[in-house]
Amino acid sequence: MEEIPMNKDTIEKLTKLRLPGMLHAYQEQSKMDKVEDLTFEQRLTLMVDAEIDSRHNHMIERLIKNAQLSDKKASIEGITYYADRQLNKDLIEELSSNEYIEQGLAIHIVGATGSGKTYLAYTLRNAACLVEKKVMYIRLPDLLTDLALGREQGNYKKILKRYEKVDLLIIDEWLLIPANDIAQQHILEIVERRYGKKGTIFCSQFTADSWHQRLGGGALADAILDRILSKSKTIQIHGDRSMRNR
């Protein structure tokens with residue numbers, strides 16, 4: 001098969017315009033058998049489709065990177081359902097559809113250290129990124145530090161807005177350390193702004209029945225739990241064997 005000569009000027013222009021998908025498709029067309037039998041419309045369609053696919057894949061890579069989670073290959077299919085873990089497979093597969101994000105639900109992933117809580121969060125993060133949802137991952141201690149610094153530096157509302165607008169917020173190490181009065185106020189601001197609008201995942205070693213006490217046990221704890229328990233689903237990971245040792 002004889003390759004069709006390519007227009008170097010066109011290649012340079014596609015490069016300058018940052019259209020890598022179209023450029024690649026244009027280069028591939030020069031190697032296609034009987035490409036001359038395609039109409040102009042057909043060839044243009046192939047190039048435009050290639051550019052859309054390229055941009056979609058680039059966006060997914062960028063969203064995963066911005067989510068600040070390390071395991072980019074974590075997937076629902078990669079979850080191991082050991083009997084002692086007693087994972088609710090139907091619920092996990094239901095969550096992989098990302099409808100909970102649109103519904104503004106809170107997801108509680110609860111289990112002991114090393115049980116695979118964060119990996120489950122990775123899988124849901126990746127599923128959300130595949131449909132171009134904006135995701136942010138942060139440990140609760142880092143979230144509280146960020147908000148405290150924002151208040152001191154005068155950009156508290158700006159920082160709150162950043163956590164409010166992402167489609168899915170994953171908060172790891174949820175209440176690993178009991179929250180003091182100031183921490184409770186920060187947490188209430190976050191959950192209030194996201195309640196019923198965006199998806200939020202809480203990864204915790206503690207079951208929800210102990211959260212009230214770890215949130216101080218007062219009126220602020222009542223308000224916080226009202227917003228994260230009233231519209232929620234729980235993934236409980238049982239078993240005492242660490243996934244790191246399996």
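This note sets out points on the surface, the interior and the salt bridges of a predicted model.

1. Surface patch. F40, L44, V48 and I52 together form a nonpolar patch of about 390 Å² on the surface. F40 belongs to helix α3, which covers residues 40-66. With a relative accessibility of 66%, F40 counts as exposed.

2. Cavity. The whole structure holds 1 cavity of 30 Å³ or more. The largest cavity encloses about 90 Å³ of space. Its lining consists of 13 residues, and A106, Y195, T200, R227 and I228 are those nearest the centre. Helix α9 (181-194), strand β4 (199-204) and helix α11 (219-229) each contribute at least two lining residues. By character, the lining comprises 6 nonpolar, 3 polar and 4 charged residues.

3. A salt bridge beside the cavity lining. R227, one of the residues nearest the cavity centre, also forms a salt bridge with E192, at 2.3 Å from N to O. R227 lies in helix α11 and E192 in helix α9, so this pair ties together parts 35 residues apart in sequence. Both residues are partly exposed, R227 at 22% relative accessible area and E192 at 38%.

4. Salt bridges of R139. R139 pairs with D142, their closest N and O atoms lying 2.8 Å apart, and also with E173, at 3.0 Å from N to O. Because R139 is in strand β2 (residues 135-139) and E173 in the loop between β3 (168-172) and α9, the latter pair ties together parts 34 residues apart in sequence. E173 is partly exposed, at 28%, and D142 is partly exposed at 37%.

5. Overall count. The structure has 11 salt bridges. K161, E164, E189 and R193 are joined in a salt-bridge network.

Notes
Residues are numbered from 1 along each chain as its sequence is written. This is a predicted model: local features need pLDDT of at least 70, side-chain atom pairs count only at pLDDT 80 or more; totals for chains, interfaces and linings use all residues. Side-chain values use heavy atoms; hydrogens and water are left out. Patches are made of residues with over 30% relative accessible area and no salt bridge: like charges are joined within 9 Å, nonpolar side chains (Val, Leu, Ile, Met, Phe, Trp, Tyr) within 5 Å. Accessible areas come from the Shrake-Rupley method with a 1.4 Å probe; for residues, only the protein chains shown count as cover. A salt bridge is a side-chain nitrogen of Lys or Arg within 4 Å of a carboxyl oxygen of Asp or Glu. Helices (H or I, at least four residues) and strands (E, at least two) are DSSP runs, numbered from the N terminus. Buried means under 20% relative accessible area, exposed over 50%, partly exposed in between (1.4 Å probe, protein chains only). On a 1 Å grid over the protein atoms alone, a cavity is a set of points where a 1.4 Å probe fits but cannot get out, and a pocket is an open set with protein on both sides within 12 Å along at least five of seven lines; lining residues have an atom within 4 Å of a point. Grid points are joined across faces, edges and corners, and a volume is the space filled by probe spheres set on the points. Ala, Val, Leu, Ile, Met, Phe, Trp, Tyr, Cys and Pro count as nonpolar, Asp, Glu, Lys and Arg as charged, and the others, Gly among them, as polar.
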